[in-house]
Amino acid sequence: MTGSGVRAVAVVGAGPAGAFCALELARLMPDTAIDLYYREERGPGAGIVVTDDFAQRLRAVHPDALRLPDSAYATWDETVTAVGDERIRSGAFGMSGISRQVFHAHVRELATRSPYVRLVSRDVIRLPRQADLVVLADGAGGARRRERADRFGTTMTSGRTLFVWMSTPAVLEPCFLLKDLGAGPLVVHAYPHAADASTFIVEADPDTLAALGLLGLPPEETQTRLAGLFREELGGAPLVSRTAGWQEFRTVVNRRWTDGRTVLVGDAAHTVHFSTGSGTVLAIDDALCLARSLAEHDDPDEALAAYEGARQPVVARAQEEAAESTAWFEQLCRGDRLEGHQTVFALRSRRSANTYGRLRERDPEFVARTVARLAGRPTTAEPVDVPLTVGRVRLRHRLVEVEHRDGTCVLRGGDGARAVGLLVDEAPGRPLPGIDFLAVRARPGGGRVTRSAAAARVRGAAGLPVALLVDEELPRDEANTLIAAARTDLVARS
C-alpha cells in the first residue's frame, strides 16, 4: 500500500463508522494524524445486531473489535413470532445482539490506543481547516452534511409508519410481536443485546396509534402505556424510551458522497430501515473501505472516487432490500390479514434472497408447517401444487393461464368448468354476484413485496381467491414463495 497525500484527517463522529475509520487509518497509514471528534452520547443507547459471518470477517482484520464482556453480548439461531395466540419459531441463523453503549465505547478506546489518534470531545461547528480530509461520520441528522445537502445531492424520504425505540431490563427471546388491539396491529421488533437488557422497538400505523390514544404523549407516559400493553410479554418489566417519542423512519440517500476533501460514511451517507439490522455493518464496511482506498492511492481524489465507486453499488442494493422490508411492515401495520405461519413466512421472505427453496433448505420444519397450514393437512406438495377450488373449477396446480378482456378474466378447468374473475386494483366494497375470483396485475419493477403489494392488499380485504397476473412465466420458486407468504392464492399468466 502506497498511501495518499493525506497526512491529517478529521473524523467527525465517533460511533462505529468514525471509530473504525480512525482505527483502520491508524493501522494502514500510521504516520497520519487523526482527530476523532466525539460528542457525549445523550443516552445509554440500546442494541445493535451483527451476523456471525460479519463478525468473523471483522475479527480477521481487527481481532479485538468484538472482544466484549459476556454481559454486553447475546446470540441466537432462531426467532419467535407471536401472531394472536400462536408462538411460531423459525430460524435466524448466527445472529448476535450487542450493547450499543458498550460497543461504541470499546471501539473508541481501540482507535485511541494509537498515538496518532486524538479524541476531541466537542461539537464540530465548522469543518476543521487544518485537515487534508474531513470524514463526516456523525449520523443521519449530522448538521455538517445537512448544510451541504445540495452539494451531496441529499434526499430524505419518510416512512408511513411511526416507531419508538426502547430498551427493557429484561432478557427477551429474539422475537416479533404482532399485537392487534382492534384498532390495528402494534408490531414489536425485539432482541436481547446484553445479559440483562433487550431492545424493544414498537412500530405502528399513525391511525392505529391515534385510535389507541398513544400519540402526543410525553415520552415517559408513552413508555408506561406501552409497558402496560405488553405487560405479559415483558414479564412486568418497564420500558425506557431511547427516542424522543414516536418518529418516522427517514431514509437518507446521497447522490455524491464527496464534496472536495469532505467525505461521508455510515448513516451520514445512507440509512437503511431498522428491520434489516444492517445499518452498523454497512457503516463499518464504509469506514474500512475508505481507509483502504486512501492507503492504496497516491492521489486523494482518486482514493475518494475509488471508495465511492466501491461502496455506492453495495449500499444501493442494501437500500433496495430495506425498501422492500419497510414496505412489508407498512402493509402489515395497515392491517394485512394475519395468518399465523403464512404471515411468518411472509416476514421471512420479504428479502429477495429468502425464497421458498432457500428457506425449505435452511429451515425445513418451519416451511413444512407453513405448507401444511396452506393445505389444511400435512403434505409433501409445494405451494403451487396444493389444490384450490375457484368457483366450479378444481385446480390441481396454482400456476395457471387465464383469458381476459375488458376487465373480465376466465379460468378454465380440465373438465370444461369455468370460473369468472374481475380485474381490480383495489378490493371491491360490495358483493360481486357471478364473480369467482379477483385478478390483480403484478407491478413492474421493484422487489417481491412491491410487485405483489396490490394483490396482497386485495387478498387481505376480499373474501374471494386472488390471482396475481404476470406477463411472463414466473419461476416456480418465486410462485411458491408468493403463495406460501399468502400474498396471492394463485399465479396466472395472461
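Four aromatic residues, Phe163, Trp165, Phe249 and Phe274, come together as one aromatic cluster. The model behind this is a predicted one, and a sweep through the whole structure turns up 12 aromatic pairs.

One of these pairs brings together phenylalanine 20 and phenylalanine 103, with ring centres 6.3 Å apart and 35° between the planes, which makes it tilted. Phenylalanine 20 sits in helix 1 (residues 16–28) and phenylalanine 103 in helix 3 (residues 100–111), so this contact ties together parts that are 83 residues apart in sequence. Both partners are tucked away from the surface: the relative accessible area is 0% for phenylalanine 20 and 2% for phenylalanine 103. Since buried means under 20% relative accessible area, phenylalanine 20 counts as buried, and so does phenylalanine 103.

Tryptophan 257 and tyrosine 307 make another tilted pair, because their planes stand at 55° with the ring centres 5.7 Å apart, and tilted covers what is neither under 30 degrees (stacked) nor over 60 (edge-to-face). Here, too, distant parts of the chain are linked: tryptophan 257 belongs to the loop between strand 13 and strand 14 (258–259), tyrosine 307 to helix 10, and 50 residues separate them. Tryptophan 257 is buried at 2% relative accessibility, and tyrosine 307 is buried at 0%.

Phe20 and Phe103 show up again in the nonpolar packing. The largest nonpolar core counts 69 residues, and Phe20, Phe103, Val135, Leu290 and Leu294 are the ones with the most contacts inside it. The top contributor to this core is helix 9 (residues 279–296), which supplies 11 residues. Apart from that core lies another one of 42 residues, with Phe329, Leu347, Leu359 and Val458 among them.

Then there are the pockets. The second largest comes in at about 490 Å³. Its lining is made up of 23 residues, and Ala323, Glu324, Thr326, Ala327 and Glu330 are the closest to the pocket centre. Two or more lining residues come from each of strand 8 (154–168), strand 13 (247–254), helix 10 (300–333) and helix 15 (453–461). Helix 10 takes the largest share of this lining, with 8 residues. Sorted by class, the lining of the second largest pocket holds 7 nonpolar, 10 polar and 6 charged residues.

Helix 10 thus turns up in two places: as the element that carries tyrosine 307 of the tilted pair, and as the main source of lining residues for the second largest pocket.

Technical notes: Residues numbered from 1 in each chain as written. Predicted model: local features only at pLDDT ≥ 70, side-chain atom pairs only at ≥ 80, totals over all residues. Heavy atoms only, no water. 1 Å grid on protein atoms, 1.4 Å probe; cavity = no way out; pocket = protein on both sides within 12 Å on 5 of 7 lines; lining within 4 Å. Points joined across faces, edges and corners; volume = space filled by probe spheres on them. Helix = DSSP H or I, 4+ residues; strand = E, 2+ residues; numbered from the N terminus. Nonpolar A, V, L, I, M, F, W, Y, C, P; charged D, E, K, R; others polar. Core = buried A, V, L, I, M, F, W, Y, C linked by side-chain atoms within 4.5 Å. Buried < 20%, exposed > 50% of the residue type's maximum accessible area, 1.4 Å probe, protein only. Phe/Tyr/Trp six-rings, centres within 6.5 Å; stacked < 30°, edge-to-face > 60°.
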